[in-house]
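Biologist: I am new to this structure and would like to know what stands behind the words used for it. Please show it to me.

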Amino acid sequence: MSSSTEITTAQKSHSTTALLLGSGELGKEVAIELMRLGVKVVACDRYDNAPAMQVSSEHAVLDMKDKTALTALIHQVQPDFVIPEIEAIATDTLLELEEKEGLKVIPSAKAVNFTMNREAIRTLAAKELDLPTSPYFFASSVKEIHEQISKVGFPCIMKPVMSSSGKGQSTLKSEDDIEKAFEYACTEGRGHESRVIVEGFVKFDREITLLTVSAIDGIHFCEPIGHRQENGDYRESWQPEPLEDEVLIECKRISSRVVKALGGFGIFGVELFICGKSVIFSELSPRPHDTGMVTLISQNLSEFALHARALLGLPIGEIKNFGPAASAAILVKGHGNKLCYQGLSEALATCPNGSLRIFGKPEVNGERRMGVALALGDTIQDATQKACQIRDSIKITVEEE
Ligand code: AMP
């Protein structure tokens, strides 16, 4: 283990600087953890006043898919670390700058590149690493889908290769659903690519996130996180999800193999399906995971603190869990930029062991995640119920200013 990490703070010439690409709620918590360690954070997003910008030293507004603009920003900021928080970034530019100029991308440009494309990460997991996955194929036209559909059968799930969190995703029951699902995937996919993955439907008992930290002092795991999704988006998560010893060992084996193959230091959210005693790899994020927000209350080091430590080359030491805990996403529907949060006192009074994060998003257009309710409990059911109680007490009004 090397002890070579040095941080220079608040210098005129050069302070240790992290460039955050994406400034949502996960980035905001990463920024806070880095700032606590004296790191200067430059938060970037395509819109102004994004959550992480509100807690960072400096900010920049630009389209991170624009290669020229991204390169110019990196050259101007001269960051010690580039930390992608979202997938909609010109990741090939990061790869190029890593190779040519030694840019340090967290956890690695390879990890960021592979995970923004379902084709790359699935091929790595299934073919190169021989990890268990759902049956699947890739296709670029309705004709190709008809030709290959027997590989997976029905029901199956179609997803754009460039997408995340259920975006552009459909469940198909018969051949009649193919055309509509393909059109939907093509319009909703990032970059509007007409390439999809079609996966056999996994009748899982549970789905979990195994937060896996790759750091200077080795690979560390958080307790497994169980979660409930609606339309591919997380609603509640809880920790620790109880797993039989042999199932947990298999989860750790799969996670550490894929994390090591992607390389670099940082936290990864590995998504796994549990079917009886079998474990199936689904996908992973090379950064903190939304279901992992539960760690804001459940652990001595949250997933954000772990990411900050790991990327700075600092040792993790011991991750301590405080017992059953849960998170519930606070969503709102509406249109407007005048937002008011009410019911906060009632929410926290109902649950003395509860906590709350309000992300500070400046506007809503449709449905948006605005905060998260957190609770400890006697059991995971108790904690989840309390987190939901806090969530349900919060009322958000949205108006146009
Ligand atoms: P993803 O964007 O791939 O994480 O998918 C979003 C959610 O859709 C997952 O969390 C699962 O609940 C569900 N899902 C994705 N792939 C499958 C599959 N092959 N079989 C069953 N459910 C799936």
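The questions below go through the two sheets, the ligand site and some backbone features.

Modeller: This is a predicted model, in which local features need pLDDT of at least 70 and side-chain atom pairs count only at pLDDT 80 or more, while totals for chains, interfaces and linings use all residues. Residues are numbered from 1 along each chain as its sequence is written, and side-chain values use heavy atoms, with hydrogens and water left out.

Biologist: Why are β5 and β8 called paired strands?

Modeller: Two strands pair if DSSP finds at least two bridges between them. β5 and β8 (residues 196–200) are joined by 4 bridges, so they count as paired under that definition. They run antiparallel, and phenylalanine 137 stands opposite valine 198 in β8. Strands here are DSSP runs of E with at least two residues, helices are runs of H or I with at least four, and both are numbered from the N terminus.

Biologist: What makes β5 and β7 edge strands?

Modeller: The open sheet has 4 strands in the order β5-β8-β6-β7, with antiparallel pairing. β5 (136–139) and β7 (170–172) each have a single partner strand, so one side of each is left without a neighbour in the sheet. From one strand to the next, the twist averages 25°. Such angles run from 0 to 180 degrees between N-to-C directions, with axes as lines fitted to C-alpha atoms, for helices over the stretch in contact.

Biologist: Which helix lies across β5, β6 and β8?

Modeller: Helix α5 (residues 118–128) does, running at about 145° to β5. Contact means heavy atoms within 4.5 Å.

Biologist: What is the order of the strands in the open sheet with parallel pairing?

Modeller: That sheet of 4 strands has the order β3-β2-β1-β4. Its edges are β3 (58–61) and β4 (81–84), each with a single partner strand, so one side of each lacks a neighbour in the sheet. The twist averages 20° from one strand to the next. Strands β1 (residues 17–21) and β2 (residues 40–45) are joined by 5 bridges and run parallel. Leucine 21 has cysteine 44 in β2 as its bridge partner.

Biologist: How many residues surround the ligand?

Modeller: The count is 17, and the closest are Lys159, Glu199, Val202, Glu207 and Glu283. A residue is near a molecule if one of its heavy atoms lies within 4 Å of it. β6, β8 and β13 (266–275) each supply at least two residues of this shell.

Biologist: What makes the approach of lysine 159 to the ligand a polar contact?

Modeller: A polar contact is a pair of N or O atoms within 3.5 Å; within protein, one must be able to donate a hydrogen and the other to accept it, and residues adjacent in sequence count only if both atoms are side-chain atoms. An N or O atom in the side chain of lysine 159 is 2.8 Å from an oxygen atom of the ligand, so the pair falls within the cut-off. A polar side-chain atom of glutamate 207 lies 2.7 Å from a ligand oxygen atom, and for glutamine 169 the distance is 3.1 Å.

Biologist: How do you know that proline 107 follows a cis peptide bond?

Modeller: The bond from isoleucine 106 to proline 107 has omega near -5° and is cis. Proline 107 is found in the loop between α3 (91–101) and α4 (109–115).
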